[in-house]
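Open the model in your viewer and keep the selection tool at hand. We will go from stop to stop.

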Amino acid sequence: MVKDFKNLDIVSITDFDAEDILHLCNKARQFFILEHGFENQFHKKNGISYRNALNHVMQGKKLASLFYEDSTRTSFRCDTAMKELGGYTKGFSGTEGTSVMKSESIRDTIVMMLANHFNMIVIRNGLDGAAQYASDVSPLSVINGGDGTNEHPTQALLDLFTLYMKNGFSLNNLEIGLGGDLAHGRTIRSLSLALSNFENITIRWAAEDFLGMPQDLVSKLRERNVKVIREEKVEYVIEKSFAYYMTRPQFERMKKLTINKIISMLGNYMTELGKTVKNFSEQMPKIQTFLNKLEDLAGKDPRQQATKLLERYVIDSEKINDSDTLLLHPLPVNSKVAEIDHLVFFSPNFIAYEQAENGIFMTKAILYEIQKNQGHIEFNPKLPEALKKGNNRIIRDLKPLDKQNLDVKIIKEGSCIDHLKVDAAKDLVDILNLKGEFYIACNSKNHQKSYFKSELTELTERQLKQIALISPEPTINIIVNGEVIEKYVYTLCENDNCITRAVNEDVKPLFYYDEGKECRYCRKPYRRKNPKITEKEKQGHFNDLPTKVEKIE
């Protein structure tokens, strides 16, 4: 059954099933027909466009447009759709000249939009999970215009609408090719997860490991019965696909190749090679070429790395000759890298410009469905109580005093932060602001860990987060009258770009359990395993977590 879209958030494409997506595609098609008529995109019925036929439905409604990162397509698309429906848009694209430059938090920016009587919010931010957090703070509908490397659900929906229109108003039985920067782009993640709702979906891709599909995404797609196939050449992907979705290199999100990354890439390469090759001696020339390429790339500016790696994957006329494969791109094409050669823009295969206009129809559909029966929501100056506390602490059993670490008993009142990385304890002096006060920071006798003891009986959330950023999964012991009265492991999302790791944003870590522990905000899995935590303690923690992401009231 199609969900009720009234005042709904568009945060993650995983919140929508096939019926929801098809409902929005059908609604977008109605807006397409008002613009172009029934026959096709370039033939208006009776020569008249009914573009503004519904310009009353958003009358008196305001959309807050909060683009912390620069945007033209998404921000203009939202503005155009809102105005053609009779509404009003106000906001920013880029933070210059805003209070963000004064270190205003996302929370406070969102609340200011509520206080200024906006009806909806669209947000783009560089932190993964920022849109979910905005939704948690706001009783208004929040639309995710892109959060870090995580998701871009509205782009995915317009991409799906384009495929829907080209595939006989269906999204089943599709073979889709993916190309370009699959590692750092959020459009790929949202589109592929959205396609996983439909039957008989195959996704093919060809890219270097540095730009390839993230393993967590591939695993999730395969769990949802999507066939994910890596091809050696982009030509193989194109010839086997109904549509090929190309993306630009996301320079702004790339990090330099480190030695560890190179080792990881080599391991992945050898594993993939091992699946098809029995005699490695025959493959030594390929392996040596791969090693030489990595050596050449190591430590260079990421722009140079990506540009070099993308060379063999550029889409030119030769690659699409004699092919009926549709060529999509979320745009913009990077004119310096030219991941699509300019002559391809003249090919009938290239439908990225149609795709761009389809974004107007899908955005109109989204705004209309969210607001069609929605009145104004009265401003409430109180934040949701549920945001005061996280659920990330794994409670440890308190052992009898005679079995505790004797070092703990040195402190009568205070805390012991245990199971830190070797030498990490000394970094806590500045974090906890303990200069001139009593503390002990040292490595264990076997030098496998370090621990930190002080007379602090209470640690703030910011302090705990900073400790976990230095040394994941610290064990916190709170000591009163020489007894440990509270003991827990503080867990933090493993995704480096997650909003919960941004200390100044004060977002409490929240998780849910869906066949595994996952972050509420970026939806990434939590895989770290602590051998000190017993199975009973772990299961107790899992049992306390919600089973899905639900709206915080």
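The tour below visits a helix, a core, a sheet and a loop.

Before you start, note that this is a predicted model, where local features need pLDDT of at least 70, side-chain atom pairs count only at pLDDT 80 or more, and totals for chains, interfaces and linings use all residues. Residues are numbered from 1 along each chain as its sequence is written, and side-chain values use heavy atoms, with hydrogens and water left out.

**Stop 1: helix α1.** Select residues 18-36. This is α1, with 19 residues. Helices (H or I, at least four residues) and strands (E, at least two) are DSSP runs, numbered from the N terminus. From first C-alpha to last, α1 reaches 26 Å, close to the 27 Å expected at 1.5 Å a residue. That expected span is 1.5 Å times one less than the number of residues.

Look at the start of α1. A side-chain oxygen of aspartate 17 comes to within 3.2 Å of the backbone nitrogen of glutamate 19. After α1 comes glycine 37, with a positive phi near 90°.

Now colour the buried residues of α1 (under 20% relative accessible area, 1.4 Å probe, protein chains only; exposed is over 50%, partly exposed in between). They include Ile21, Leu24, Phe31 and Phe32. Among the elements covering them are α5 (153-166), α6 (186-195) and α13.

**Stop 2: the core.** Stay on isoleucine 21. Which residues does isoleucine 21 touch, not counting those up to four places away in sequence? They are Phe16, Leu157, Leu160, Leu171, Ala194, Asn197 and Phe198. Contact means heavy atoms within 4.5 Å. The largest nonpolar core has 62 residues, and Ile21 is one of those that touch the most other members. A nonpolar core is a set of buried Ala, Val, Leu, Ile, Met, Phe, Trp, Tyr and Cys residues joined through side-chain atoms within 4.5 Å. Apart from it lies another core, of 37 residues, Tyr526 among them.

**Stop 3: the sheet.** Select β5 (residues 175-179) and β6 (residues 202-205). They run parallel, joined by 4 bridges. Glutamate 175 stands opposite threonine 202. Strands pair if DSSP finds at least two bridges between them. Widen the view: the open sheet has 5 strands, ordered β7-β6-β5-β8-β9.

**Stop 4: asparagine 391.** Find it in the loop between α13 (352-371) and β10 (393-395). Asparagine 391 is partly exposed, because its relative accessibility is 22%. A polar atom of its side chain lies 2.8 Å from the backbone nitrogen of phenylalanine 511.

Note on methods:
A polar contact is a pair of N or O atoms within 3.5 Å; within protein, one must be able to donate a hydrogen and the other to accept it, and residues adjacent in sequence count only if both atoms are side-chain atoms.
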